[in-house]
Amino acid sequence: MSDFTDLTLATARAGLAARKFSAVELTQAHVSAIERNRGLNAFITETPDKALAMAKASDERLARGEGGVLEGLPIAIKDLFCTKDILTTAASHILDGFKPPYESTITQKLWDAGANCLGKLNLDEFAMGSSNVTSHYGPVINPWTKAGDNRQLVPGGSSGGSAASVAARLALAATGTDTGGSIRQPAGFCGIVGLKPTYGRCSRWGVVAFASSLDQAGPMTRTVEDAAIMLGVMAGHDPKDSTSAPMAVPDFRAALTGDIRGLRVGIPKEYRVDGMPAEIEALWQQGIDWLKDAGAVPVEISLPMTKHALPTYYIIAPAEASANLSRYDGVRFGLRVPGASLDEMYENTRAAGFGAEVKRRVLIGAYVLSAGYYDAYYLKAQRLRTLIARDFDQAFEKCDVILTPTAPSAAFAIGEKMDDPLAMYLNDVFTVPVNLAGLPGMSVPAGLTADGLPLGLQIIGRAFDEETMIRAAGVLEAAAGFTAKPGRA
Amino acid sequence: MSLDKATVARIATLARIKVPEADLEALGQELNQILHWVEQLDQVDTTGVEPMTSVAAMTLPLRPDRVTDGDRADDILKNAPNAMHGFFTVPKVVE
């Protein structure tokens, strides 16, 4: 029954509570949908038996009148989260066969709240990419297609499998991670909601590290309410992550009052970038008008350092990645390619195990951290980062949230921009500054292009004020009334 | 700054990634394209600006210096490409 897969976390949970259907029925509908849609390549590992066993246990708890916030709800996990005894690949050849002996804090919290695990989702290798084409397991196909054009489109990245699976109704929700836009940009490309929390809101423990000062996990869902519900489960202090914030978790769902009267919405004038399609510009203006109609007050703000955010990011993120990825050495886990000496074994293993984009970033990172270049590149980028964060501090003196497009284009065809890393990097022009400043940001589906592809608008909040961001996102969602569904699912 | 072949080879060694001699030239060009692009940051005067080393304004917490986990050698070795007698193995490093 396809109706099951059109439910949201909130409506499915209510249906389970009212005993209208069982968790096993709900999960089986999703397991079947995954089987029918293997062509999307959204999953690296499917775990139907586990999902159904968990659903059965959920039904028993529900029958006793027990059950957590997500009891009986089938979700899927980006394959960057370590899951005990389940293959965890980061979409890299170098993690061949890796079955973690532990569970990430976030997935443990989700299971503790009653969610059921449908499987592990495809992504860009080590989350490095904006179109999910760098995966060792092949590209993910966006379930959306352009009107009158059957070319396969990218789902965005790096959380491409997460976005595609939620958009195609293969999972009620999915986890994502966002280092420079990897939750928000694919959410925009696939017409779903993607929320990157404030840095420190969710534990990074057990999540394969890319750039530790930027990485943050968050929910990917079909509604703002679902994002609020799931964030409430994922968030919270974890002593195992020393950068996780020792702060109480608010009731994010309660923030959805629909009342934004008097809310000051910052519109950054520098975000009108060259070459941005007119329909994205128009949608952004429409978003401003929607919020204004609901009683908000648009305020022009200036984020002058924005134009330096991408180059700053492409020094800091590779530098951190080159350090984080030094652990893949062919000794403790994953792939080993023999060599005559220890060094040669390392070099052979890493040459065979990493794909082209990962190698590029590790090499750039090693260079900008090397003696003689550290000050000119890495230290310079860290100083720029201070200036970029200061821009936001000053802007938030004049406004409460910031509204921007999520990405400067809609989804593009697989194969486009592949030979030019810099063109690919530009996808994240509106999302990267938010990571550099450690702020929360979320993408809400707001409209379609003339040829029928989804477009997202991004709302950026103050640090640890996801509630105001979610409230504004809820109003935007209601005004946009986005109900379109992808063609391939 | 532009990377020559020798520098690309040196970085590859630092990063412990084998790059065949024949690929050094093309890889160097790719890396140069990225480096030239990030060098636009030189236009920004950052004199007197503190480098951001921590996203959140918080001091890293200390914890008691106690063993809280361990005794899981078998669990951990399960993922090793090669392990023997409770140890990871590597190619011979001492003659």
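A salt bridge here is a side-chain nitrogen of Lys or Arg within 4 Å of a carboxyl oxygen of Asp or Glu. The model is predicted, so local features need pLDDT of at least 70 and side-chain atom pairs count only at pLDDT 80 or more, while totals for chains, interfaces and linings use all residues. Residues are numbered from 1 along each chain as its sequence is written, chains are lettered from A and ligands numbered from 1 in the order in which they are written, and side-chain values use heavy atoms, with hydrogens and water left out.

**Exercise 1. Salt bridges**

Find the salt-bridge partner of Glu281(A), and say how exposed each residue of the pair is.

Step 1. Look for the basic side chain: Glu281(A) pairs with Arg272(A), with 2.3 Å between the closest N and O atoms.

Step 2. Check the accessibility, where buried means under 20% relative accessible area, exposed over 50%, and partly exposed in between (1.4 Å probe, protein chains only). Glu281(A) has 26% and is partly exposed; Arg272(A), at 41%, is partly exposed too.

Step 3. Put the pair in context: 26 salt bridges are counted over all chains.

**Exercise 2. Across and along the chains**

Which elements hold the two ends of the salt bridge between Asp343(A) and Arg16(B), and where does Lys5(B) find its partner?

Step 1. Asp343(A) and Arg16(B) come to 2.9 Å, N to O. This pair crosses between chains: Asp343(A) sits in helix α10 (residues 342-353) of chain A, and Arg16(B) in the loop between α1 (5-14) and α2 (24-38) of chain B. Helices (H or I, at least four residues) and strands (E, at least two) are DSSP runs, numbered from the N terminus.

Step 2. Both ends are partly exposed, Asp343(A) at 37% and Arg16(B) at 29%.

Step 3. Now stay in chain B: Lys5(B) bridges to Glu21(B) at 3.2 Å between the closest N and O atoms. The partners are 16 residues apart, Lys5(B) in helix α1 and Glu21(B) in the loop between α1 and α2. Lys5(B) is partly exposed at 35%, whereas Glu21(B) is exposed at 54%.

Step 4. Finish with a network: shared partners join Glu357(A), Arg360(A), Arg361(A) and Glu30(B) through salt bridges.

**Exercise 3. A helix and its packing**

Compare the expected and actual span of helix α2 of chain A, then list its buried residues.

Step 1. The expected span is 1.5 Å times one less than the number of residues. For the 14 residues of α2(A) (23-36) that gives 20 Å, which agrees with the 20 Å between the end C-alpha atoms.

Step 2. The buried residues are Ala23(A), Leu26(A), Thr27(A), Ala29(A), His30(A), Val31(A), Ala33(A) and Ile34(A).

Step 3. Recall the geometry: an α-helix has 3.6 residues a turn, so residues three or four places apart point the same way.

Step 4. Find the neighbours: the buried residues of α2(A) pack against α1 (9-17), β1 (43-46), α3 (48-63), β2 (74-78) and β3 (116-121) of chain A (contact means heavy atoms within 4.5 Å).
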